Amino acid sequence: MGRVKLVFVMSLVMVLFLIGANSTSAQPVSVVLNGNVQVYDQAPVVENGRVLVPMRGIFESLGANVAYNNTTKKITATRGTQTVELTLGSSQAFINGQPHQLDVAAKAVNGRTIVPLRFVGEALGANVRWDNVSKTVYISSDSSVKPVDPTRQALLQRLAPYQVIGDVNQISNTELEIFILTNEERKKHNRLPLALDVELSNVARIKSKDMHDVGYFAHNSPTYGTPFEMMDRFNISYRTAGENIAARYTGAEQVTNGWINSPGHHRNMINDRFHRIGIGYYSGNKGYSRYYTQMFAGN
């Protein structure tokens, strides 16, 4: 096997603003709905033994329409003939007009309205089960429940402290692990964590696939141009940007360590002017077989 190849491109420096917002959760709680691990823009909160999750995320995942009245602080969700009503700060809820007492009330956290998960799920006809060992809430709203990948579940728990922009179910296990390892490296250097940008990850994955399919290993793509032209083509916003690529490594830990041990790549990984990252992994039977791309963007 030949020498693993690594290439880096330094960032374009434009007008920069340091933004360091990220979501954290004191409780590493996972939510699995019909076999799919859920990721919300506000991590689940545990209060008085009850798990609360963002209102819109859970209602819409269960197929309900949800409305919020900012004046009365009232939440109304409907699915078919079922109507569920909650009010922020109130321990009384209503299902089809009938009152129900809550163990914990809906509340606002970090600008998000969170609601008691078990009550909402069961009110809409789902089965809700809590696993205390894995700190996971399992919700079944249909009969086609798929088994949960334990590796995936462990990664999602490690992901809890970080911000995710988009649907994390589009991100592979390898990509998730690279993201987590990258932020762990940033923490060692007192850098704020990057947010995982799913849209940017989709672009990075296209770049990795393009290198495999077209048969090149470089930042400039015969198909999409420079990394910056590629980001522009896919309507990715940035003020400063950078890219790391690698090939042939056998896994997330190996490729991340390769970047860490390469000064140029490492500078991109810990650059405090970057706020978002996209990670794309593609594997096939051509060239170096396995291709990896990190795309960095500064807001």
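**Exercise 1.** In this predicted model, determine in which sense β2 and strand β3 (residues 36-38) pair, and over how many bridges.

*Solution.* Step one is to compare the directions of the two strands: β2 and β3 pair in the antiparallel sense, and three bridges hold that pairing. Step two is to pick out a partner, and for Val31 the bridge partner in β3 is Gln38. Step three is to look at the connection, where two residues lie between β2 and β3 in a hairpin, and Asn34 in the turn has a positive phi of about 50°.

**Exercise 2.** Find how β2 runs relative to strand β14 (residues 136-140), and work out whether the side chains of β2 are buried or exposed.

*Solution.* Begin with the pairing: β2 and β14 run parallel and are joined by four bridges, with Ser30 standing opposite Thr136 in β14. Then follow the side chains along β2 (residues 30-33), where Ser30 and Val32 point one way while Val31 and Leu33 point the other way. Finally, apply the cut-off of under 20% relative accessible area for a buried residue, by which all four of these named residues, Ser30, Val31, Val32 and Leu33, are buried.

**Exercise 3.** Explain why β4 (45-47) and β11 (107-109) each have one side without a neighbour in their sheet.

*Solution.* First establish the order, which is β4-β5-β12-β11 in an open sheet of four strands with antiparallel pairing. Both β4 and β11 stand at the edges with a single partner strand each, so one side of each is left without a neighbour in the sheet. From one strand to the next, the twist averages 40°. Turning to β5 (residues 50-54) and β12 (residues 112-116), these strands run antiparallel and are joined by three bridges; Val53 has Val115 in β12 as its bridge partner.

Notes: Residues are numbered from 1 along each chain as its sequence is written. This is a predicted model: local features need pLDDT of at least 70, side-chain atom pairs count only at pLDDT 80 or more; totals for chains, interfaces and linings use all residues. Side-chain values use heavy atoms; hydrogens and water are left out. Two strands pair if DSSP finds at least two bridges between them. Axes are lines fitted to C-alpha atoms, for helices over the stretch in contact, and angles run from 0 to 180 degrees between N-to-C directions. Buried means under 20% relative accessible area, exposed over 50%, partly exposed in between (1.4 Å probe, protein chains only).
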